[in-house]
Amino acid sequence: MRDCFEVRDTDAGGRIGELTVPRADATVETPALLPVINPNLDTLSPRRLATEFGAEILITNSYIIHGDDDLRERALEEGLHELLDFPGAIMTDSGSFQLSEYGEIDVTTEEILAFQREIGSDIATPVDIPTPPDVSRERAESDLETTQERLEIADAADTGEMLVSAPVQGSTYPELRERAGRHADGTGLDVFPVGAVVPLMNDYRYDDMIDVVAAAKRGLGADAPVHLFGAGHPMMFALAVAMGCDLFDSAAYALYARDDRYLTVRGTRALEDLDYLPCSCAVCTDHSPAELRGLPDRERESELAAHNLHVTFAEIRRIKQAIRAGNLLELVEQRARAHPTMLDGYRTLLDHAAQLERSDPVSKGSFFYTSHESARRPEVVRHHDRLTRLSVPDSLLLTEGDSPRGDEFDDAWRVEPPFGPFPRALSKSYPLTAEVPARTDRAALEAAADGVARLVETNPETAVTLAHRGWPAGVRDRLPDGVALVDLTADDRDRSR
């Protein structure tokens, strides 16, 4: 069990946790946003990030500070917290981003870790190798080997109370990401960034991003705080949290503001295209789009950056509330409708439903079936798995309705799409109290049929009859051959005559 991180609430793969940062004498609640601070720029001051936006932690680049004579001397003399004037926890990057951009840097892991400790960083980062997507496996393995060597150097370094991150690399090879996660988890390091995912997000490859994170999570322990490096757009935070990410660093609020771009949870809009501001933050209530466009460049950039941060922090709070309420996946589904590639990401997330089920609470408030993707949620996977534990009589009626044929069987169970069969005594138990549309879609029926098949295959000696309401032939084809079928819609028609 890692002393620095404790999980308090979970929903799907998402969790509310507490990251203890001893050097800052602070505890950061996760999911948490780390605004990126460039020490050479002052779009929004770090002090303002704390007082106005409630930022508990931020991230800056120790390599930039190390390479600037004035900043380096000030940081060594005053300390990082005084230099930035920030009261919370400060994480520092190592120069790995510059390494990926320019091919080389002039510091070693030992040197940059020692420098991060000297200037008062609370969470340091070694110099890993951020391997881009889609490189050859040979290169990905070679880069990963170098990263792992540097993690071992970091693990052996004297870092005092400073936490140290262990980046998880491996390009777009899930088995390498899983191996990297397992290696990182075996060190004594503290925070686990999933690295080199920015190119995936820049290209809207959210499906590949989810596969990468899922693989890293399989290698990491359940008590490992996971940082998604460079994930700055609020549109995808809920998706990433649902897969198990706890920390996000964002320079998007400032970079987009510099280009007159306005963030929303459904995407980004150019300020020149807006006739109305669809937000109620202080910036948007105090200005019209025309008034923002009319501000001097620096002031407009600052105001847009403030709006962008308000939207971003609001989404983090919304995600936490969804975890607490047990409806995180419903929020993810809403966000998935913002862009086709987000929907790809959500569908890929559900490919990992069995992995998510292991951390998903057994009981929550309500299950809302809102699209055919809901038929693949972890709760459905869990119900189908638990069908194998139930005691089944010699003859069993599974029915969508109150069938008059019930007396012919040893017992009669309910069938409810998307879950399938269950004893009536469980009908008030989560998730069988689900709110499902009256017009049941095919995915829900197929999932229910798969549940029936699971029960029958586990109990081959039981004579099973399914009384259904007009299930189409393609759905009925998913059932084992021995299941007797009764179409209740015929009975309904007879009773209506």
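I began with Asp85, which sits in the loop between α4 (80–84) and β6 (89–93). The model I am reading is a predicted one.

**Backbone oddities**

I looked up phi for Asp85 and found a value near 55 degrees, positive in a residue that is not glycine. I noted Asp85 as partly exposed, because its relative accessible area is 37%. I then went to Asp260, in the loop between α12 (252–258) and β12 (261–264). Asp260 is not a glycine either, yet its phi is positive, about 60 degrees. Its relative accessibility is 26%, so I entered Asp260 as partly exposed.

I also checked for cis peptide bonds. One joins Pro417 and Pro418, with omega about 5 degrees. Pro418 falls in the loop between β15 (411–416) and β16 (420–422). Another cis bond runs from Tyr430 to Pro431, with omega near 5 degrees. I placed Pro431 in the loop between β16 and α20 (442–458). I wrote these cases down because most residues other than glycine have a negative phi and most peptide bonds are trans.

**Asp128 and Ala196**

The unreviewed UniProt entry lists Asp128 and Ala196 under "binding site". The two span 69 residues in sequence, but their C-alpha atoms are no more than 10.2 Å apart, so I take them as gathered at one spot.

I found Asp128 in the loop between β7 (123–124) and α7 (137–156). With 2% relative accessibility, Asp128 is buried. Ala196 is in another loop, between β9 (192–194) and α9 (198–202). Its relative accessible area is 16%, so Ala196 is buried too.

I listed what Ala196 touches, leaving out neighbours within four places in sequence. The contacts are Pro130, Thr131, Pro133, Gln169 and Arg177.

**Helix α7**

I checked the length of α7 against expectation. Its 20 residues, at 1.5 Å a residue, should span 28 Å, and the end C-alpha atoms are 29 Å apart, so the two agree.

Next I asked myself which residues of α7 are buried. They are Ala140, Asp143, Leu144, Thr147, Gln148, Leu151 and Ala154. Around the axis they cover an arc of only 145 degrees, which means that they lie on the same side of α7. On the face turned away from that buried side I found the exposed residues Glu138 and Ala156. I then looked for what covers the buried residues of α7, and the cover includes α6 (109–119), β8 (163–164) and α8 (174–185).

I followed the chain on to Thr159, in the loop between α7 and β8. Thr159 is buried, because its relative accessible area is 12%. Apart from residues up to four places away in sequence, Thr159 touches Arg117 and Val164.

**Cysteines**

The UniProt annotation "binding site", again from an unreviewed entry, covers Cys279, Cys281 and Cys284. I looked at Cys279 and placed it in the loop between β13 (267–270) and α13 (282–286). Cys279 is partly exposed, with a relative accessible area of 23%. Leaving aside neighbours within four places in sequence, I listed its contacts as Tyr262, Cys284, His307 and Val311.

Cys281 is also in the loop between β13 and α13. With a relative accessible area of 9%, Cys281 is buried. Not counting residues up to four places away in sequence, Cys281 touches His307 and His310. His307 therefore stands in my notes as a contact of Cys279 and of Cys281.

How many disulfides does the model have? I counted 0, taking sulfur atoms within 2.5 Å as the cut-off. A disulfide is a covalent bond between the sulfur atoms of two cysteines. For Cys279 the closest cysteine sulfur is in Cys281, at 3.6 Å, which is too far for a bond.

I also checked Cys245. The closest cysteine sulfur to that of Cys245 is in Cys4, 16 Å away, so it is too far for a bond. Cys245 is buried, at 1% relative accessibility.

Notes: Residues are numbered from 1 along each chain as its sequence is written. This is a predicted model: local features need pLDDT of at least 70, side-chain atom pairs count only at pLDDT 80 or more; totals for chains, interfaces and linings use all residues. Side-chain values use heavy atoms; hydrogens and water are left out. UniProt positions are given in the numbering used here, feature names are shortened, and annotations may be inferred rather than shown by experiment. Helices (H or I, at least four residues) and strands (E, at least two) are DSSP runs, numbered from the N terminus. Buried means under 20% relative accessible area, exposed over 50%, partly exposed in between (1.4 Å probe, protein chains only). Contact means heavy atoms within 4.5 Å. The expected span of a helix is 1.5 Å times one less than its number of residues. The arc is that of the directions from the helix axis to the C-beta atoms.
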